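Work through the exercises below with the sequence and the model open. Each task is followed by a solution in steps.

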Amino acid sequence: MTSNHNHFVAPIDETPLLATDAVKNDQAPLSLWSDAWRKLRRRPLFIISALLIIALTVIALFPGLLSQVAPNDGCELANSEAGPTAGHPFGFTFQGCDIYSRVIHGTQASLSVGVLSVLCVLIIGVTFGALAGFYGGWLDIVLARLGDIFFALPLILGALVITQLPLFRENKSVWTVVLVISLLAWPQMARITRGAVIEVRNADFVTAARSLGVSRFGALIRHVLPNALAPIIVLATLELGVFIVAEATLSFLGIGLPEGVMSWGHDIAAAQSSIRTKPEIMLYPAAALSITVLSFIMLGDAVRDALDPKSRQR
């Protein structure tokens, strides 16, 4: 008894296995940062936010390029709530000051407070979080309980209390606002850093470094922290916008920057009297604040997605 067996097997020349399974050995594998940068360059969200932040930085550093009028000079009551004119595209405030000039010069204070606050929070939070996460033990317990004390205070509510102390109330400045924000905001950064350090500290490359004679502190600085930076950078980017809003809120309430320093919060507060008759007086500084905060939030979202290990394609 014979049977016909049909073998549906493609010829060898039609299945180039060598070409299919070939691996390019001449290309180095992408690191986390190289892969993240490759993803960021392709994201419109990152490009738009980066361009906005670059523009805001240029305005903050060189306000005279866009406005030749000093924000507090030339304020005449005769121009109170007047509409746009030549050289004054946004019109005038209730006090007769140029709105456009005040919006441009207000960028400097907002970005300064945001950047300086983030730097201070990074120094405090990363230091405490790294030490607590890497060494553990009683140091972790003490720093954790210290962080809980500050973490229990809401940022704005705590700032309202601290800024009423004589030392802060009598010495209003950019650095005063930065100090208050940093004092209340570092626990979040410390917690994120602690978690990232705990995740990395028992990795094989850390154990190998210790076996080669690297001290514990040296392993923390040279091997653990560089590999725990991704969540820290994401949080720092997002908190920039939060701190800018905090400064504007404190200035709006009259306990932030002094009156002599340009702030969008001051202008929004001053525009309350004109909200019914001239709402655009409040619209311009509020729009500048919103665009600035939105830019940093978009940048933080883009960076978070790019550095997310779950989204990386192997």
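**Exercise 1.** Is Arg194 buried, partly exposed or exposed?

Solution. The model is predicted, so local features need pLDDT of at least 70 and side-chain atom pairs count only at pLDDT 80 or more, while totals for chains, interfaces and linings use all residues. Residues are numbered from 1 along each chain as its sequence is written, and side-chain values use heavy atoms, with hydrogens and water left out.
- Step 1: take the cut-offs, where buried means under 20% relative accessible area, exposed over 50%, and partly exposed in between (1.4 Å probe, protein chains only).
- Step 2: the relative accessible area of Arg194 is 32%, so Arg194 is partly exposed.

**Exercise 2.** Find the salt-bridge partner of Arg194 and say which helices the pair joins.

Solution.
- Step 1: a salt bridge is a side-chain nitrogen of Lys or Arg within 4 Å of a carboxyl oxygen of Asp or Glu.
- Step 2: Asp140 meets this rule with Arg194, as their closest N and O atoms are 2.8 Å apart.
- Step 3: helices (H or I, at least four residues) and strands (E, at least two) are DSSP runs, numbered from the N terminus.
- Step 4: Arg194 belongs to helix H8 and Asp140 to helix H5 (residues 137-151), so the bridge ties together parts 54 residues apart in sequence.
- Step 5: Asp140 is buried, because its relative accessibility is 13%.

**Exercise 3.** Trace the salt-bridge network that contains Arg43.

Solution.
- Step 1: the count of salt bridges comes to eight.
- Step 2: one of them joins Arg43 and Asp305, at 2.9 Å from N to O.
- Step 3: Arg43 sits in the loop between helix H2 (32-40) and H3, and Asp305 in helix H13 (residues 280-307), so this bridge ties parts that are 262 residues apart in sequence.
- Step 4: Arg43 is partly exposed at 26% relative accessible area, and Asp305 is partly exposed at 35%.
- Step 5: Asp305 also forms a salt bridge with Arg304, with the closest N and O atoms 3.9 Å apart.
- Step 6: through shared partners, Arg43, Asp301, Arg304 and Asp305 become one network.

**Exercise 4.** Classify two aromatic pairs by their geometry.

Solution.
- Step 1: rings of Phe, Tyr and Trp (its six-membered ring) pair if their centres lie within 6.5 Å; planes under 30 degrees apart count as stacked, over 60 as edge-to-face and the rest as tilted.
- Step 2: the whole structure holds six aromatic pairs.
- Step 3: Trp37 and Phe46 are edge-to-face, with 6.0 Å centre to centre and 90° between the planes.
- Step 4: Trp37 is partly exposed at 45% relative accessible area, whereas Phe46 is buried at 14%.
- Step 5: Phe128 and Trp186 have ring centres 5.2 Å apart and planes at 85°, so they too are edge-to-face.
- Step 6: this pair links helix H4 (residues 99-135), which holds Phe128, to helix H8 (residues 174-200), which holds Trp186, across 58 residues.
- Step 7: Phe128 is partly exposed at 27%, and Trp186 is buried at 5%.

**Exercise 5.** Describe the nonpolar core and how H10 packs.

Solution.
- Step 1: a nonpolar core is a set of buried Ala, Val, Leu, Ile, Met, Phe, Trp, Tyr and Cys residues joined through side-chain atoms within 4.5 Å.
- Step 2: the largest core has 66 residues, and Val197, Leu220 and Val224 are among the members that touch the most others.
- Step 3: with contact meaning heavy atoms within 4.5 Å, and neighbours within four places in sequence left aside, the contacts of Val197 include Phe134, Leu220 and Val224.
- Step 4: in H10 the buried residues are Gly218, Ala219, Leu220 and Val224, and they pack against H4, H8 and H9.
- Step 5: Val214 lies in the loop between helix H9 (204-211) and helix H10 (216-224), and is buried at 16% relative accessible area.

**Exercise 6.** Summarise the chain as a whole.

Solution.
- Step 1: the chain has 13 helices and zero strands.
- Step 2: of its 314 residues, 40% count as buried.
- Step 3: among contacts with a separation of 6 or more, 71% join residues 24 or more positions apart.
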